[in-house]
Amino acid sequence: MTRRREELKAEYKREARPMGVYAVRNLITHVAYIGTATDLPGILNRHRFELKLGGHRSADLARAYKDHGPDAFVFEILDTLEPKNEGGLGYASELETLLSLRLEQGLTAEDGEPVKLVLMY
C-alpha cells in the first residue's frame with residue numbers, strides 16, 4: 001500500500017460517521033424495516049448491495065424487494081445521533097433509546113397512511 005493511500009485510510013477511520021436510526025421503506029405496502037447503525041451510509045449501502053444481489057439477511061425484506069422491485073423502496077435516515085468522541089464506539093444504549101423513541105413515534109407515508117415498522121433483525 002502506498003503511503004498516501006495509508007494516510008487516506010487512516011483519515012477515513014478517524015472521521016466521525018453519521019450514526020442513528022435508518023429505514024428501508026416499501027412505498028407500496030407501507031412497511032419500513034428499521035434498525036440502528038454507527039455508520040449510516042455504510043449500512044444503507046450494504047442493504048442496497050445485498051438486495052441488488054438477490055439475497056438479504058431479512059427474508060421478508062428480500063421477498064418484498066423481489067416482488068415489488070427496486071423502485072418501490074427508499075433507503076432513508078430517520079434520526080441521527082451526534083458523536084461525542086471519535087468513531088462510533090460506546091453508543092449502543094443511545095442508539096437503542098433512539099430506536100425506541102422512533103418505534104413510539106411511528107412513521108407516516110406521504111399519503112398520510114401509517115407505516116408499519118419492522119425491526120431489521
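Where is the place of His30? Let us start with that residue and then widen the view to the rest of this predicted model.

## His30 and its backbone

His30 lies in the loop between β1 and β2. Its phi is positive, about 55°, although His30 is not a glycine. That deserves a second look, because most residues other than glycine have a negative phi. His30 counts as buried because its relative accessibility is 19%, and the cut-off for buried is under 20%.

A glycine gives a second positive phi to look at: Gly69, which follows α3, has a value near 85°.

## The overall chain

Stepping back, the protein chain contains four helices and four strands. Followed along the sequence, these elements come in the pattern α-β-β-α-α-β-α-β. The C-alpha trace spans about 50 × 30 × 25 Å along its principal axes.

Of the 121 residues in the chain, 38% are buried. If you take the contacts between residues at least 6 apart in sequence, 61% of them join residues at least 24 apart. The chain exposes about 7800 Å², and carbon and sulfur atoms supply 52% of that area. As for charge, there are 17 positive and 19 negative charges, and the mean positions of the two sets are 8 Å apart.

## Two nonpolar cores

In soluble globular proteins, nonpolar side chains tend to be buried together. Here the largest nonpolar core has 16 residues, and Tyr22, Val24, Leu61 and Phe73 are the ones that touch the most other members. The elements giving two or more residues to this core are β1, β2, α2, α3 and β3. Among them, α2 gives the most, with four residues. There is also a second, separate core of 15 residues, which includes Met19, Tyr91, Leu95 and Ala109.

## Helix α2, from Leu40 to Glu50

Helix α2 covers residues 40-53, and Leu40 is part of it. With a relative accessibility of 0%, Leu40 counts as buried. Leaving aside residues up to four places away in sequence, Leu40 touches Pro18, Met19, Gly20, Val21, Tyr22, Ile77, Asp79 and Thr80. One of these partners, Tyr22, is 18 residues from Leu40 along the chain, and their C-alpha atoms are separated by 7.1 Å.

Further along, Glu50 is also found in α2. Perhaps unexpectedly for a reader scanning the sequence, Glu50 counts as buried, at 13% relative accessibility. Not counting residues up to four places away in sequence, Glu50 touches Gly55, His56 and Arg57.

## The two faces of α3

Which residues of helix α3 are buried? In this helix, which runs over residues 59-68, they are Leu61, Ala62, Ala64 and Tyr65. These buried residues lie on the same side of α3, because they cover an arc of only 165° around the axis. The face turned away from that buried side carries the exposed residues Lys66 and Asp67.

What covers the buried residues of α3? The cover includes β1 (19-26), β2 (31-37), α2 and β3 (73-81). The link to the core is easy to follow: Leu61 is buried in α3, and Leu61 is also among the residues that touch the most other members of the largest nonpolar core.

Note on methods. Residues are numbered from 1 along each chain as its sequence is written. This is a predicted model: local features need pLDDT of at least 70, side-chain atom pairs count only at pLDDT 80 or more; totals for chains, interfaces and linings use all residues. Side-chain values use heavy atoms; hydrogens and water are left out. Buried means under 20% relative accessible area, exposed over 50%, partly exposed in between (1.4 Å probe, protein chains only). Contact means heavy atoms within 4.5 Å. The arc is that of the directions from the helix axis to the C-beta atoms. Accessible areas come from the Shrake-Rupley method with a 1.4 Å probe; for residues, only the protein chains shown count as cover. Lys and Arg count as positive and Asp and Glu as negative; His and the chain ends are not counted. The place of a charge is taken as NZ of Lys, CZ of Arg, CG of Asp or CD of Glu. A nonpolar core is a set of buried Ala, Val, Leu, Ile, Met, Phe, Trp, Tyr and Cys residues joined through side-chain atoms within 4.5 Å.
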